[in-house]
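Please walk through this structure with me, beginning with its sheet and moving outward to the helices and the charged side chains.

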Amino acid sequence: MGKRYKNLFESIADIDNLRLAYEKTVRGGNRYTKGHLRFKEYLEVNLYLLQKALINGTYRHGTYHCFNVYEPKCREIKALPFKDRVVQHAINNILEPIFEKLFYSSSYACRKNKGTHKGVKHVQATLRKLSLNGPVYYLKMDFRKYFHSIDKQVLMREIQRKISDKKVLNLLKIFHDNSSKGIPIGNLLSQLFANVYGHIFDRFVKTRIKAKHYFRYMDDTVILSNSKQQLVIYQRKLSLFSYLYMKLKFSKWFINPISKPLNFLGYRISPKYKLIRKDSVIRAKRKIKKYRALNDKKRLERFLASWLGHAKSADSFNLIKSLHI
């Protein structure tokens, strides 16, 4: 289990850490919100009041602002008021480095120097390496409603493997509601919690079944092998483990030869090429058409800046040319 950390609360509530958390919150896209402008007007006073509430144990977060996003599927997003996002950054500043030391390199979501592009490169490089030894197969698994299915008792037990500071543990529980399952999508701490929870699965893959070629991006997992039968064995063990110990189920899973390209991280990946997924191309075309029809140049430019970064990481020269952008 290694070292357990205590006496972390003072670092979280330190005024310099709160100032850094404020700066990160603003950089996260909150510069022109009403909540930020009100907070900024009396910045030092508000930071002091936050610090005082944390130290006195009277801090409670505000009401969530809930809304839905529909791409690629409908998801409910829960956003906290500005001051609560500052608190979450303050907590994350201290806790994230502790857990980052534990996480395996095969986990790519919401981590520094990771992300989808590095994940895709690593997967394709592994496919090329394995293809030298013969036919390659992949086991693809997706957890069902991952964020909504996280068992909070299991989560807190995992957190307590590294954190023994009771004040910090009580502070983390403030961001849980009274339900036994589920964490909100859209919170900074939810990203950390989800990675901590996923680490339980990673650890079992790495230390118990000892699968070498394993990759995870939050709830989306892949194992590569030259042996189809080995993947069948892995799937049975992982399905049982995730159900019994993590209270999770797979929404879908399948084993295919790599002659049928692997859909992972928004790309269709094979040893020889990687292409953007068809549904991503369809959505992109719809958005481009919509913004052009509205003559909304700013939104079109913002969308293209983001989407082209995704597209140019694939073999997409002809696709981009066909879109006349």
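The paragraphs below treat the sheet, the strand β5, the helices and then the salt bridges.

The model is a predicted one, and a convenient place to begin is an open sheet of four strands, which are arranged in the order β4-β5-β3-β6 with antiparallel pairing. The edges of this sheet are formed by β4 (214-217) and β6 (250-257), each of which pairs on one side only. Neighbouring strands of the sheet are turned against each other by 15° on average, direction ignored.

Within that order, strand β5 (residues 220-225) pairs with strand β3 (residues 137-143) in the antiparallel sense over six bridges. Along this pairing, Met141 has Thr221 as its bridge partner in β5, while Tyr137 stands opposite Ser225 in β5. Strand β5 also pairs with β4, again in the antiparallel sense, over four bridges, and here Thr221 of β5 is the bridge partner of Arg216. The strands β4 and β5 form a hairpin with two residues between them, and Met218 in the turn has a positive phi of about 60°.

Is strand β5 enclosed or open to the surroundings? Six of the six residues of β5 are buried, so the strand is largely enclosed by the rest of the structure. Asp220, Val222 and Leu224 point one way from β5, whereas Thr221, Ile223 and Ser225 point the other way, and all are buried.

Two helices that pack on the sheet can be considered next. Helix α10 (residues 188-207) packs on the sheet by touching β3, β4, β5 and β6, and its direction makes about 170° with that of β4. Helix α6 (residues 116-131) also packs on the sheet, where it touches β4 and β5, and its direction makes about 20° with that of β5.

Helix α10 has a further contact, with helix α8 (residues 152-159): the axes of α8 and α10 come within 10 Å and cross at roughly 80°. Angles of 65 to 115 degrees count as roughly perpendicular, and α8 is therefore roughly perpendicular to α10. On the α8 side the contact is made by Val154, Leu155, Glu158 and Ile159, and on the α10 side by Phe193, Val196, Tyr197, His199, Ile200 and Arg203. Sorted by class, the contact of α8 with α10 has seven nonpolar, one polar and two charged residues.

The charged side chains complete this tour, and a search of the whole structure finds twelve salt bridges. Lys140 takes part in one with Asp142, in which the closest N and O atoms are 3.2 Å apart. Lys140 also forms a salt bridge with Asp220, the closest N and O atoms being 2.6 Å apart. This second pair links distant parts of the chain, since Lys140 lies in strand β3 and Asp220 in strand β5, 80 residues apart. Lys140 is buried, with a relative accessible area of 5%, and Asp220 is buried too, with a relative accessible area of 15%.

Glu158, one of the α8 residues that contact α10, meets the side chain of Arg161 in a salt bridge (3.8 Å, N to O). Which of these partners is buried, and which is partly exposed? Glu158 is buried, with a relative accessible area of 9%, whereas Arg161, at 32% relative accessibility, counts as partly exposed. Elsewhere, salt bridges that share partners join Asp16, Arg19 and Glu44 into one network.

Definitions and conventions
Residues are numbered from 1 along each chain as its sequence is written. This is a predicted model: local features need pLDDT of at least 70, side-chain atom pairs count only at pLDDT 80 or more; totals for chains, interfaces and linings use all residues. Side-chain values use heavy atoms; hydrogens and water are left out. Two strands pair if DSSP finds at least two bridges between them. Axes are lines fitted to C-alpha atoms, for helices over the stretch in contact, and angles run from 0 to 180 degrees between N-to-C directions. Contact means heavy atoms within 4.5 Å. Angles under 35 degrees count as roughly parallel, over 145 as roughly antiparallel, 65 to 115 as roughly perpendicular and the rest as oblique. Ala, Val, Leu, Ile, Met, Phe, Trp, Tyr, Cys and Pro count as nonpolar, Asp, Glu, Lys and Arg as charged, and the others, Gly among them, as polar. Buried means under 20% relative accessible area, exposed over 50%, partly exposed in between (1.4 Å probe, protein chains only). A salt bridge is a side-chain nitrogen of Lys or Arg within 4 Å of a carboxyl oxygen of Asp or Glu.
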